[in-house]
Amino acid sequence: MLFDFNLIKSVYEQMPEKVNKARKTLGKPLTLSEKILYSHLSAEEKGDKFKRAEDYVNFAPDRVAMQDATAQMALLQFMNAGKSKVAVPSTVHCDHLIQASVGADEDLKEALLQNNEVYNFLQSVSDKYGIGFWKPGAGIIHQVVLENYAFPGGMMIGTDSHTVNAGGLGMVAIGVGGADAVDVMAGMAWELKMPKLIGVKLTGKLSGWASSKDVILKVAGILTVKGGTGAIVEYFGEGADALSCTGKATICNMGAEIGATTSIFAYDKNMSTYLRHTGREQIADLADDIMPHLRADEEIALNPEKYYDELIEINLSELEPFINGPFTPDLAHPLSEFAKAVKTNDYPQELEVGLIGSCTNSSYEDLSRAASLAKQARDKNLKVKAEFIVTPGSEMVRYTTERDGILSEFENIGGVIMSNACGPCIGQWNRHTEDPTRKNSIITSFNRNFAKRNDGNPNTHGFVASPELVTAMAIAGDLTFNPMTDTLINEDGVEVKLDEPKGYELPPHGFDVVDAGYLAPQADGSGVKVEVSKMSDRLQLLAPFKEWDGEDYLGLNLLIKAKGKCTTDHISMAGPWLRFRGHLDNISNNMLIGAINYFNDESNLIFNPISEKYEEVPATARAIKAKGQASFVVGDENYGEGSSREHAAMEPRHLGIKVVLVRSFARIHETNLKKQGVLGLTFADKADYDKIQEKDKVDVNGLTNFTPGVPLELVVTHEDGSKDSIVANHSYNKVQIDWFKAGSALNLIRKQNAK
Ligand code: F3S
């Protein structure tokens, strides 16, 4: 048994009382999201009524999942928390680092060679601290979580934005940065702004070519990539209950594409059946017993506009398949209008590659429906025109679909089965193309289709659709093909039509697997040694940051005054730098290289006060630090927006930046700076941003009396010796001031654990 039965049992035992209490507190019927959120308040919350979209709330999630790219820094930090074991059940999944090139076996061998050091590190840390480890090739984090760990009414966080996939099994599952995962694994509360609620009422029933994927493709078209921001999207209605559990997961998965905090479906018969098919009868029995608590109160569906902040209604019986793209997942084209859109917008009509699978769409249902089309291609003597690639989501799905002859249907039409991993979905795709400068089209059953996402080629037009539609389009090799109305000419010159896809919601002979790829941690990991070579360029053990020395900051050098937008990508770029996610010193060489220098409008070219020359940002920060001095950064509005990546806060701390002073912060980045011991301040008067000059030095006064709600005074000394006094606000509470004094939140945790 991989899941923690006692934990889930205790969640279910407490849930009725907690839900009843929340209903009383709020004085109204409860949505499912509210039931789960209010039954996961952390111990320090007193059960107040929280305002949606306004109040920050401390939660106690039930579990944590991490993928291999983000787990490296999360675990390096966790090792400094002074804990011998994780406080909640946690898992690591090796899925992002495997490149899809020629096929599963060869690619996996190559990945083991290339990433051996990282895998060994992740495995040994997992073993030591009681974390479940899913080996390379075991599958994609979200599919594995759905098959093994997700449970209705639970709450989890994961260091990947598609963690939200687990909403398909009725869980509040949220994607976070590594620092948040460290907090929860170390037993701290996890803070989130109480989300807004968007209700999506589904009526009718899917049929024919329409699939669950088309529901979210339509919703993405309605809400756009920003429409779900700060909200939980809750699906309800008889149409929702009619969808398969894995279909619900597909819909929740792509909630990330509309910016939603998460998405969720209520517990129902299909979820119960899925739990039973995946070896979790005990959970299904418990959940069946408290079913009303795992669904919204009945009054909600009767009067949804009263209880949701926004309401959308979709009739599944009338739903048409959609194709979304290119370059953005919210550009939704109904299939019947797509051919026209291809011609009008001059999208490359020839389809070069169709790709199915990924964490979004690699269920048994998805693959069996797609295989029914592959079989027709062979039976009807059709030559498949495009390349066709399959990435199964887990070894259990791969093994079962191989056993049931599904994978061979794909291979029979020339399909290549890649590893059970992210592969092309995350750009880990060695695409074979003779001319990358040619405008070209691909279609996937994945979730994201931003430029360069899949093959790194800006000329590739990526479209997103259901696996069955991707398969049909790959057979035709033509983006204007509509399988619902059009015919194809087969190898005998005969006109043939594809029948509607057919498949199985769950394997008729059950799931099976020989080696799922799971390694359980040792019961007592205290003897496990975690080896990290000092010579490694990919991994580096973290030394705790220094405590605050009790003095005001004096004479900090301006490093850069960033102009305009400065996101976490500007502060810590991704792309080739992904390789160094586990090596703080090496990845710090990308610090702020994307930010625009206010004084010359250039990126990565700033005045170095030590050499008195214009140099790169990381090199300048290192030069200042080497002289025993420190620096500060100035930024504009919404500084640090984008991702919750903790590297954007750790790198400045590592390179000697003591203060980041901005017009305003993106909140998650501000919290990350606080956690890493960098002083995050805002101009009390935003016009003071203009007072900062290129060769300024700054003193920060009042740190010895650092108090919540009391601004700090900054004295800026300009090159000519003149001075300006600036009032800087801060949003530190008492605990956060303790983080600052300890040098970082982790230092404080370690201190507390040592007591
Ligand atoms: Fe992996 Fe793509 Fe999902 S990167 S986790 S398969 S979104």
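Biologist: What makes asparagine 638 count as partly exposed?

Modeller: This is a predicted model, and the call is a neighbour count. Asparagine 638 has 17 C-beta neighbours inside 10 Å. Buried needs 20 or more and exposed needs 12 or fewer, so 17 falls in between and asparagine 638 counts as partly exposed.

Biologist: Where does asparagine 638 sit, and what is its phi near?

Modeller: Asparagine 638 is in the loop between β25 (631-635) and α22 (647-654). Its phi is near 50°, a positive value in a residue other than glycine. Most residues other than glycine have a negative phi.

Biologist: Which loop holds phenylalanine 327, and what is its phi near?

Modeller: Phenylalanine 327 is in the loop between β12 and β13, with phi near 70°, again positive in a residue other than glycine.

Biologist: Why is phenylalanine 327 called partly exposed?

Modeller: There are 15 other C-beta atoms within 10 Å of phenylalanine 327. The exposed class stops at 12 and the buried class starts at 20, so phenylalanine 327 ends up partly exposed.

Biologist: What kind of peptide bond joins glycine 325 and proline 326?

Modeller: A cis one, with omega at about 0°. Proline 326 is in the loop between β12 and β13 (332-334). As a rule, most peptide bonds are trans.

Biologist: What makes helix α18 (residues 467-476) largely enclosed by the rest of the structure?

Modeller: Each residue needs 20 or more other C-beta atoms within 10 Å to be buried. In α18, 10 of the 10 residues are buried, so the rest of the structure largely encloses this helix. Among them are Pro467, Glu468, Thr471 and Ala476.

Biologist: What covers the buried residues of α18?

Modeller: The cover includes the strands β12 (322-324), β14 (351-357), β15 (387-391), β17 (440-444) and β19 (488-489), along with helix α15 (364-379). Just after α18, glycine 477 has a positive phi of about 65°.

Biologist: How do you know that helix α6 (residues 178-185) is mostly covered?

Modeller: Use the buried count again: 8 of its 8 residues are buried. Gly178, Asp180, Asp183 and Met185 are among them. Glycine 187, just after α6, takes a positive phi of about 90°.

Biologist: What makes helix α1 roughly parallel to helix α11?

Modeller: The axes of α1 (residues 5-26) and α11 (residues 281-289) come within 10 Å and cross at roughly 5°. Angles under 35 degrees count as roughly parallel, so α1 is roughly parallel to α11.

Biologist: Which residues meet there, and how do they divide?

Modeller: From α1 come Phe5, Ile8, Lys9 and Tyr12, and they meet Gln282, Ile283 and Leu286 of α11. The residues of this contact divide into 5 nonpolar, 1 polar and 1 charged.

Biologist: Why does glutamate 387 count as partly exposed?

Modeller: Glutamate 387 is found in strand β15 and has 19 C-beta neighbours inside 10 Å. Buried takes 20 or more, so with 19 glutamate 387 stays partly exposed. Leaving aside neighbours within four places in sequence, glutamate 387 is in contact with Glu352 and Val353. The C-alpha atoms of glutamate 387 and tyrosine 639 are separated by 43 Å, and these residues are 252 apart along the chain.

Biologist: Is leucine 519 buried, exposed or partly exposed, and what makes that the class?

Modeller: Leucine 519 has 15 other C-beta atoms within 10 Å. That count lies between the limits of 12 and 20, so the class is partly exposed. Leucine 519 is in strand β21 (residues 518-519). Outside its neighbours within four places in sequence, leucine 519 is in contact with Gln123, Phe133 and Lys135. The C-alpha atoms of leucine 519 and valine 125 are separated by 12 Å, with their positions 394 residues apart along the chain.

Biologist: Which domains is the chain divided into, and which of them contribute to the shell around the ligand?

Modeller: The chain is divided into domain 1 (5-41 + 53-318), domain 2 (322-496) and domain 3 (553-754). The shell draws at least three residues from each of domain 1 and domain 2. The C-alpha centres of domain 2 and domain 3 lie 45 Å apart.

Biologist: Which residues come nearest to the ligand?

Modeller: Of the 13 residues around the ligand, Ser358, Cys359, Cys422, Cys425 and Ile426 come nearest. The shell divides into 7 nonpolar, 4 polar and 2 charged residues.

Conventions: Residues numbered from 1 in each chain as written. Predicted model: local features only at pLDDT ≥ 70, side-chain atom pairs only at ≥ 80, totals over all residues. Near = placed C-beta within 6 Å. Nonpolar A, V, L, I, M, F, W, Y, C, P; charged D, E, K, R; others polar. Domains from an automatic or database assignment. Helix = DSSP H or I, 4+ residues; strand = E, 2+ residues; numbered from the N terminus. Axes fitted to C-alpha atoms, helices over the stretch in contact; angles between N-to-C directions. Parallel < 35°, antiparallel > 145°, perpendicular 65-115°, else oblique. Contact = placed C-beta atoms within 7 Å.
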